[in-house]
Amino acid sequence: QVQLVESGGGFVQPGGSLRLSCAASGTIASIYAMEWSRQTPGKQRDWVATITNSDVTNYADSVKGRFTISRDNAKNTVYLQMNALKPEDTAVYYCYAQSSRDGVRKTYWGQGTQVTVSS
């Protein structure tokens, strides 16, 4: 099992920045990728960014150049640095872990953290 706890959400004005954190615990060795997604009411959850165990990163076009995903292995934590925020970035942001153990793949989700961008 993997447990994920997100933090860092909040209210920010357009153009501002926030950094989200996602702390992992449990069977961390089984994780091969960490990702962020976001969801607004009434819409599907959209993928935002990925970082693999090889530190390969990938971003949705809507956030490329503004968001940066990174990780601190010593703290078992993944970050999402969000700059130049726009009102359309307002959403609940979810961290999730892709794991593989004994040939079984699982996805573990955090509880979500609200990000609101408004003037």
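**Exercise 1. Identify the residues that Met-34 touches in this predicted model, and place Met-34 within the nonpolar core.**

Solution.
Step 1. Residues up to four places away in sequence are set aside.
Step 2. The residues that remain in touch with Met-34 are Leu-4, Cys-22, Ala-49, Thr-50, Ile-51, Ile-69, Val-78, Cys-95, Tyr-96 and Ala-97.
Step 3. The largest nonpolar core consists of 29 residues, and Met-34 is listed with Leu-4, Trp-36, Leu-80, Met-82 and Tyr-93 as having the most contacts inside it.
Step 4. Two or more residues of this core come from each of strands S1 (2-7), S3 (18-26), S4 (31-39), S5 (46-52), S7 (67-72), S8 (77-82), S9 (91-101) and S11 (113-117).

**Exercise 2. Describe the secondary structure and the overall dimensions of the protein chain.**

Solution.
Step 1. The chain contains eleven strands and zero helices. Read from the N terminus, its elements therefore form the series β-β-β-β-β-β-β-β-β-β-β.
Step 2. For 119 residues, a compact globule would have a radius of gyration near 14 Å, and the chain agrees with this because its own value is 14 Å.
Step 3. Along the principal axes, the C-alpha atoms fill a box of roughly 50 × 30 × 25 Å.
Step 4. Contacts between residues at least 6 apart in sequence are considered next: 54% of them join residues at least 24 apart.

**Exercise 3. State what share of the residues is buried, and characterise the surface and the charges of the chain.**

Solution.
Step 1. Of the 119 residues, 41% count as buried.
Step 2. The accessible surface amounts to about 6,300 Å², and carbon and sulfur atoms account for 47% of that area.
Step 3. There are 12 positive and 9 negative side chains. The centres of these two sets are 1 Å apart.

**Exercise 4. Is Ala-29 buried or exposed, and in which loop is Ala-29 found?**

Solution.
Step 1. Ala-29 belongs to the loop between S3 and S4.
Step 2. The cut-off for an exposed residue is over 50% relative accessible area. Ala-29 has 84% relative accessibility and therefore counts as exposed.
Step 3. Along the chain, Ala-29 and Val-2 are 27 residues apart, while 9.7 Å separates their C-alpha atoms.

**Exercise 5. Locate Gln-3 and list its contacts beyond its sequence neighbours.**

Solution.
Step 1. Gln-3 is part of strand S1.
Step 2. With a relative accessible area of 38%, Gln-3 is partly exposed.
Step 3. When neighbours within four places in sequence are left aside, Gln-3 is in contact with Ala-23, Ala-24, Ser-25 and Gly-26.
Step 4. Gln-3 and Ile-31 stand 28 residues apart in sequence, and the distance from C-alpha to C-alpha is 11 Å.

**Exercise 6. Examine the phi angles of Asn-76 and Ala-84, and give the setting of each residue.**

Solution.
Step 1. Most residues other than glycine have a negative phi.
Step 2. Asn-76 has a positive phi, near 50°. Asn-76 is situated in the loop between S7 and S8, and its relative accessible area of 33% makes it partly exposed.
Step 3. Ala-84 likewise has a positive phi near 50°. The loop between S8 and S9 holds Ala-84, which is partly exposed at a relative accessible area of 39%.
Step 4. Each of these residues is one other than glycine, so the sign of phi departs from what most such residues have.

How values were computed. Residues are numbered from 1 along each chain as its sequence is written. This is a predicted model: local features need pLDDT of at least 70, side-chain atom pairs count only at pLDDT 80 or more; totals for chains, interfaces and linings use all residues. Side-chain values use heavy atoms; hydrogens and water are left out. Helices (H or I, at least four residues) and strands (E, at least two) are DSSP runs, numbered from the N terminus. The radius of gyration is taken over C-alpha atoms; the globule rule is 2.2 Å times the number of residues to the power 0.38. Buried means under 20% relative accessible area, exposed over 50%, partly exposed in between (1.4 Å probe, protein chains only). Contact means heavy atoms within 4.5 Å. Accessible areas come from the Shrake-Rupley method with a 1.4 Å probe; for residues, only the protein chains shown count as cover. Lys and Arg count as positive and Asp and Glu as negative; His and the chain ends are not counted. The place of a charge is taken as NZ of Lys, CZ of Arg, CG of Asp or CD of Glu. A nonpolar core is a set of buried Ala, Val, Leu, Ile, Met, Phe, Trp, Tyr and Cys residues joined through side-chain atoms within 4.5 Å.
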